[in-house]
Amino acid sequence: MLLPCGLKCPTNYPIQVFVYLVAIFCLLQPGFGQTTEFSLWLQQVKTEAIERGIKQDVIDSALTGVQPIKRVLKRDKNQSEFKLTLDRYLNRVVTEKNIRLARTKNREHRLILKEVYKRYGVPPRVILAIWGIETRFGLVKAKVPLIPSIVTLAFDKRRSKYFRAQLFAVLEMLNEGYIDQKSLFGSWAGAMGQPQFMPSSYLAYAQDFDGDGRRDIWKSIPDILASIANYLARHGWVQNLMWGREVLTPTSYGKNFRSLSRRATRGCRAKTSELKTLTQWNMEGVRKLNGQALPNVQISGALVWPDGKQGRTFLTYKNYEAIMSYNCAHLYAITVGLFSDRMAIR
Ligand SMILES: [Ca+2]
């Protein structure tokens with residue numbers, strides 16, 4: 001007699017004992033419990049997708065046979081191991097080669113960038129910095145099939161709520177016909193296209209700037225540049241304001257470092273100082289890198305220490321928060337800012 005798990009039943013044991021042993025054997029198989037749990041979970045996702053108005057054929061084609069991918073979880077859990085200091089990160093990204101490439105892209109797409117600036121108020125250098133950092137101006141192509149990686153992270157308990165929402169956003173993209181499934185590749189964490197938008201950001205902020213009826217952040221340069229600009233504009237970008245600058249701080253801050261820290265209360269929770277006007281920072285002794293006083297204006301800014309107290313200090317304005325909303329990491333936002341400065345273009 002053949003039983004589950006490919007075992008053959010010996011005839012000289014009572015059948016009850018044998019069934020009991022087989023059950024234990026099956027439960028001890030790696031992934032057995034998880035497979036069952038995953039199947040149940042996927043079924044719930046499919047049911048909810050129907051309730052959300054996703055067509056049955058879209059659900060079938062997107063989710064049939066999909067399985068969690070172990071290496072996606074491994075990457076997700078090991079993220080903290082890749083922490084770098086600001087200078088090491090800058091040395092990787094803001095290279096002479098990348099600055100030259102950014103200037104070339106600026107010349108190539110000058111007219112589009114001008115139109116994008118007119119509509120969204122975000123200068124070309126900042127759009128180019130983000131495009132360059134995210135995918136090296138589209139040269140870095142995503143290789144991970146998007147649906148299995150998002151399914152994996154949605155099934156995993158660590159950030160299931162966030163990635164479950166991303167999964168429904170992908171299904172909605174397919175349902176609306178914004179993209180075909182065979183083109184759906186992303187990063188291991190689900191970021192898509194040349195601006196590396198998450199699916200929910202795509203639905204909320206991607207733009208059809210070339211007017212062909214599709215919001216193509218994979219191949220259309222006008223759509224890509226406008227989508228980045230629209231994202232920043234919708235997250236509070238202020239036209240004609242800088243992102244921030246590196247500053248010198250008074251030695252008295254050494255003792256008061258803790259009291260200077262606060263946490264943002266909404267959105268990105270990265271730590272900064274409290275907000276003060278440049279006039280107030282001036283009075284406290286914060287200076288430009290060359291030792292000169294800050295402009296005596298009522299613009300508000302917060303201090304940021306990407307490497308902690310011993311590292312460099314930056315005074316950041318409202319536009320810095322818009323960049324942080326794109327990717328909530330000080331190393332990222334400061335690098336976008338400094339990269340854009342180094343391009344020395346408008
Ligand atoms: Ca388009």
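**Entry 1: burial in H8.** I looked up which residues of helix H8 are buried (under 20% relative accessible area with a 1.4 Å probe, protein chains only). In this predicted model, the buried ones in H8 are Pro124, Val126, Ile127, Leu128, Ala129, Ile130, Trp131, Gly132, Ile133 and Thr135. I note that 10 of the 12 residues of H8 are buried, so the helix is largely enclosed by the rest of the structure.

**Entry 2: ground rules.** I number residues from 1 along each chain as its sequence is written. Local features need pLDDT of at least 70, side-chain atom pairs count only at pLDDT 80 or more, totals for chains, interfaces and linings use all residues, and side-chain values use heavy atoms, with hydrogens and water left out. Helices are DSSP runs (H or I, at least four residues), numbered from the N terminus.

**Entry 3: length and end of H8.** H8 covers residues 124-135, and its 12 residues should span 16 Å (1.5 Å times one less than the number of residues). I find its end C-alpha atoms 16 Å apart, which agrees. Arginine 136 follows H8 and has a positive phi, near 50°.

**Entry 4: what covers H8.** I looked for contacts (heavy atoms within 4.5 Å). The cover over the buried residues of H8 includes H5 (86-93), H6 (96-108), H7 (110-120), H12 (221-234), H15 (318-326) and H16 (330-343).

**Entry 5: H6 against H8.** The axes, lines fitted to C-alpha atoms over the stretch in contact, come within 10 Å and cross at roughly 125°. Ala102, Lys105 and Asn106 of H6 meet Pro124, Leu128 and Trp131 of H8.

Key. Helix = DSSP H or I, 4+ residues; strand = E, 2+ residues; numbered from the N terminus. Buried < 20%, exposed > 50% of the residue type's maximum accessible area, 1.4 Å probe, protein only. Axes fitted to C-alpha atoms, helices over the stretch in contact; angles between N-to-C directions.
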